[in-house]
Amino acid sequence: MAFAPMHGEAMVMGDLVLLDTEITPVMTKLLDSGLDITAIHNHILRASPATFYMHIAGHGDPEKMAASIRAALSSGSKTPFDAPATTAGPAPIVDLDTAKLDEAMGAKGTANGGVYQFGIPRRNPSTESGMQVSGALGGANAINFQPTGSGKAAITGDFLVTGDEVNPLIRVLRASDIEVTAIHSHMLDEQPRMFFIHFGLTTTR
C-alpha cells in the first residue's frame, strides 16, 4: 500500500496478495468500508498455491483507510502481521553480476532479500484525480532478478505501457522467448490509460 497527500486528505493505492478463497471476503470488507476495487489478476502462470492480486484505491482519512485494509486482511485472509522471526547473519547474497545488469538496464538496481530489483518510472507519468501516479504509487516498470545458480536467474516483473504500446511490447517479449503472464489495468480513471504487462523467464541465457 502507498499513501500520498491529496487535497487535505490522502490517496491510497496498492495491491493485496490473496488466495482464491480469500478474494470475496476481503473484497466485501473493503467495499463496506468505502474503498474501491480497481483490478484482480494473476502475476505468474504456475504458482502453487495460485495467488491473485487485488488492487485497491481510496481517498480520505489515511488512518481510517489503513485500519480498514488491516481489518479486511485480518478477517478475510491468512496474511501474517507479526514481524517475521530473524536470525543473526549476513543478508542473502545476490549471486549475479549486478554491475552488468545495471549497465544493460541503464539504471541502478537494489538488492532486496536476495533479489535484484529495478523500479523504473515512465518518462511521462499518468495522473489520476489530479494526482501524479509516481513510482511509489505503482507508476513504474518493475523488473526482478532472483538468482538460481551458475549465474542464471528467474525473472519476473511488469511493464507499464499505453494501449498503443501493448502489442509491440508483447511481440518483442515473445521474440525473446519471454512469457507474457498477464495484461491488465491497475487503475480506473488514469490519464492516459495505462496497462501492465507481466512477464516471466525461468533462466537467463
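This is a short walk through the structure above, from the overall fold down to one helix and one buried valine.

Okay, so first, keep in mind that this is a predicted model. What we've got is a protein with four helices and 12 strands. How compact is the protein for its length? Its radius of gyration is 18 Å, and the globule rule gives 17 Å for 205 residues, so the protein is as compact as a globular protein of that length. If you lay the C-alpha trace along its principal axes, you get spans of about 50 × 45 × 30 Å.

A few more overall numbers. Of the 205 residues, 38% count as buried. Take the contacts with a separation of 6 or more: 57% of those come from residues 24 or more positions apart. The accessible surface is about 11,800 Å², and carbon and sulfur atoms own 54% of that. On charge, there are 14 positive and 21 negative side chains, with the centres of the two sets 7 Å apart.

Now let's zoom in on helix α4, residues 166-175. Which residues of α4 are buried? That would be V166, L169, I170 and L173. These four cover an arc of only 100° around the axis, which puts them on the same side of α4. If that spacing looks familiar, here's the textbook bit: an α-helix has 3.6 residues a turn, so residues three or four places apart point the same way.

And what do those buried residues pack against? Three strands: β10 (152-162), β11 (179-184) and β12 (194-201). Flip over to the other side of α4 and you find R171, V172 and A175, which are exposed. Then, following α4, there's D177, with a positive phi, near 60°.

Last stop: V26, which sits in helix α1, residues 20-32. Is V26 buried or exposed? Its relative accessibility is 0%, so V26 counts as buried. Who are its contacts? Leaving out residues up to four places away in sequence, V26 touches L16, L18, M54, A72, G76 and S77.

So how far is V26 from L169, back in α4? The two are 143 residues apart in sequence, and from C-alpha to C-alpha they're 33 Å apart in space. Both residues are buried, L169 in α4 and V26 in α1.

To recap the α4 part: V166, L169, I170 and L173 are buried, while R171, V172 and A175 on the other side are exposed. That's it from me, happy to take questions.

Methods. Residues numbered from 1 in each chain as written. Predicted model: local features only at pLDDT ≥ 70, side-chain atom pairs only at ≥ 80, totals over all residues. Heavy atoms only, no water. Helix = DSSP H or I, 4+ residues; strand = E, 2+ residues; numbered from the N terminus. Rg over C-alpha atoms; globule rule 2.2 N^0.38 Å. Buried < 20%, exposed > 50% of the residue type's maximum accessible area, 1.4 Å probe, protein only. Contact = heavy atoms within 4.5 Å. Areas by Shrake-Rupley, 256 points an atom, 1.4 Å probe, with all protein chains shown as cover. Lys, Arg positive; Asp, Glu negative; His and termini not counted. Charge placed at Lys NZ, Arg CZ, Asp CG, Glu CD. Arc of directions from axis to C-beta.
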